[in-house]
Structures are given as structure tokens and as C-alpha cells.
Amino acid sequence: MSYPLAQLCLLPLLLSPLSVGAPISPAEPISQAYSLALYMQKNTSTLLQTYLQYQGSPFSDPGFSAPELQLSSLPPAVVSFKTWHALDDGERLGHAQGAFLALTQHLQLVGDDQRDLNPGSPMLLAQLGAARLRAQGLLGNMAAIMTALGLPIPPEEDTLGVVPFGASAFERKCRGYVVTREYGHWTDRAVRDLALLKAKYPG
């Protein structure tokens, strides 16, 4: 799947600059973030399937799934409905902000891994790059929402920490699988989060 360059470049720029001192309504940035999250959601399964296809067996085997694989540096998106629904605006946005910050850093690492493991896979590398750009765009939208709601924006952190550069090819493939899988799960959760906020703060 190809992604027009102009379309990719515009994604992180969805938000218009906010005037200093002007009253800010949360409705507009929430709507913009929701539209971007929906757009992202349409491509997450394609990214995961493309990633698995290029990794060889067992990843490329039909029906491959390994939900038990996790990364300590990447928060899982799965949460009970009761816990999710009880989150306040700050907690909801803070969790999403932290997750997509981590995802932008992890997607960069996965892209670097795949350039080494699968240098002849321009389609996969392009999809990983596009996913990272969109995650960055959604981060910007989330920050605008938090500003409009008067919530503090968490500082950017190095979520990866020390990366074991001696990791085997199989370990790097497992890492990439978890990242592309969780990118999809967090995008699904962001759509639900933003739909709830959209209903709470109608334009």
C-alpha cells in the first residue's frame, strides 16, 4: 500500500496554531484528534499483517498470535471496561499521551531493526514510517486537547531506555510484533477515548 507524500506530511499538521491568550474550546481539537484516530484505525491491521508477512515462520504462519508477548517499556492497551470507563479526562488523556509517545519511539526502533533484517521491503518500511508520523500527529492533537481543558501536559521521556543492541534477529522480530500489535490496540482505545470526550464536549 502506498501513501501519498502530501497526505503523510499533512497528518501531523492537522491542528491550526492557537492564538496566545484566546479562549480555547476543546471541541475542535477533540474532533481533529478523533478524525485522525479513525484514519489510523483503518490502517493498523494492514501494518500488522505486512509486518508479519516479512518476518518468516512462525510469524508469517496463518493465524499467528502471541498475546503473551509484552514489552516492559510499552504499556499494554488492554484494560477492563469498568476501569476504563471510570477514568477522568486527565487520566484518559495522560494514558494515551504516554502510550503514543512510547509508540513513536518504539516504531523508530522497529524501523531501524527492519532496515537491517529486511532491507528489501520498502512497503513495510514506508508503513512503519507512516505509522510513526501519525502517532506523532495524534500526540500533538492530544496536547492541544489537554491545553484546552487546562490539564498539564506530561513531559517527554525516553521510554526505550537502554536498548540491547546485541538482541538476536528473533528477539527483534518479536519486539516489532509487539509494537505493531500494540499500535493497533492503542489506536482502537484512542478512538473509544476520543468518542467519549467528543460526546462530553460537543462543538
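**Close-up views of a predicted helical model**

**View 1. A salt bridge joins K200 to D89.** K200 pairs up with D89 in a salt bridge, and their closest N and O atoms sit 3.1 Å apart. Keep in mind for this and every other view that the model is a predicted one. K200 belongs to helix α6 (residues 169-200) and D89 to helix α4, so the pair ties together parts of the chain that are 111 residues apart in sequence. Counting up the salt bridges gives six, and the K200 to D89 pair is one of them.

**View 2. Helix α4 packs against α5.** Here we look at α4 (residues 89-117) beside α5, with axes that come within 9 Å and cross at roughly 160°. An angle over 145 degrees counts as roughly antiparallel, so α4 runs roughly antiparallel to α5. As for handedness, α4 goes past α5 in a left-handed crossing. Sorted by class, the contact of α4 with α5 holds 17 nonpolar, seven polar and two charged residues.

**View 3. Helix α2 also packs against α5.** What angle do the axes of α2 and α5 make where they cross? It is roughly 155°, and the two axes come within 9 Å. That makes α2 roughly antiparallel to α5. The crossing of α2 past α5 is left-handed. Split by class, the contact of α2 with α5 has 17 nonpolar residues, eight polar ones and one charged.

**View 4. Helix α2 meets α6 as well.** Swing over to α6 and there's another contact made by α2: the axes of α2 and α6 come within 9 Å and cross at roughly 160°. With that angle, α2 is roughly antiparallel to α6. Once again the handedness is easy to state, with α2 passing α6 in a left-handed crossing. The residues in the contact of α2 with α6 break down into 16 nonpolar, eight polar and five charged.

**View 5. A cavity lined in part by α2 and α5.** How many cavities of 30 Å³ or more turn up in a search of the whole structure? Just one does, and the volume of the largest cavity is about 50 Å³. Its lining is made up of 10 residues, with N43, L47, Q127, A131 and R134 lying nearest the centre of the cavity. Both α2 (27-55) and α5 (122-148) supply at least two residues each to that lining. By class, the lining of the largest cavity comes out as six nonpolar, three polar and one charged.

**View 6. The largest pocket draws on α4 and α5.** This pocket has a volume of about 230 Å³. Its lining has 13 residues, and the ones closest to the pocket centre are Q97, L101, L139, P155 and E156. Which helix supplies the largest share of the lining of the largest pocket? That would be α4, with five residues. Helices α4 and α5 each give at least two residues to the pocket lining. The lining of the largest pocket divides into five nonpolar, six polar and two charged residues.

**View 7. A cis peptide bond leads into P58.** Last stop, a bit of backbone: the peptide bond from S57 to P58 is cis. Its omega is near 5°. Where does P58 sit? You'll find P58 in the loop between α2 and α3 (81-85).

Terms used: Residues are numbered from 1 along each chain as its sequence is written. This is a predicted model: local features need pLDDT of at least 70, side-chain atom pairs count only at pLDDT 80 or more; totals for chains, interfaces and linings use all residues. Side-chain values use heavy atoms; hydrogens and water are left out. On a 1 Å grid over the protein atoms alone, a cavity is a set of points where a 1.4 Å probe fits but cannot get out, and a pocket is an open set with protein on both sides within 12 Å along at least five of seven lines; lining residues have an atom within 4 Å of a point. Grid points are joined across faces, edges and corners, and a volume is the space filled by probe spheres set on the points. Helices (H or I, at least four residues) and strands (E, at least two) are DSSP runs, numbered from the N terminus. Ala, Val, Leu, Ile, Met, Phe, Trp, Tyr, Cys and Pro count as nonpolar, Asp, Glu, Lys and Arg as charged, and the others, Gly among them, as polar. Axes are lines fitted to C-alpha atoms, for helices over the stretch in contact, and angles run from 0 to 180 degrees between N-to-C directions. Angles under 35 degrees count as roughly parallel, over 145 as roughly antiparallel, 65 to 115 as roughly perpendicular and the rest as oblique. A crossing is left-handed if the near helix is turned anticlockwise from the far one by less than a right angle, and right-handed if clockwise. A salt bridge is a side-chain nitrogen of Lys or Arg within 4 Å of a carboxyl oxygen of Asp or Glu.
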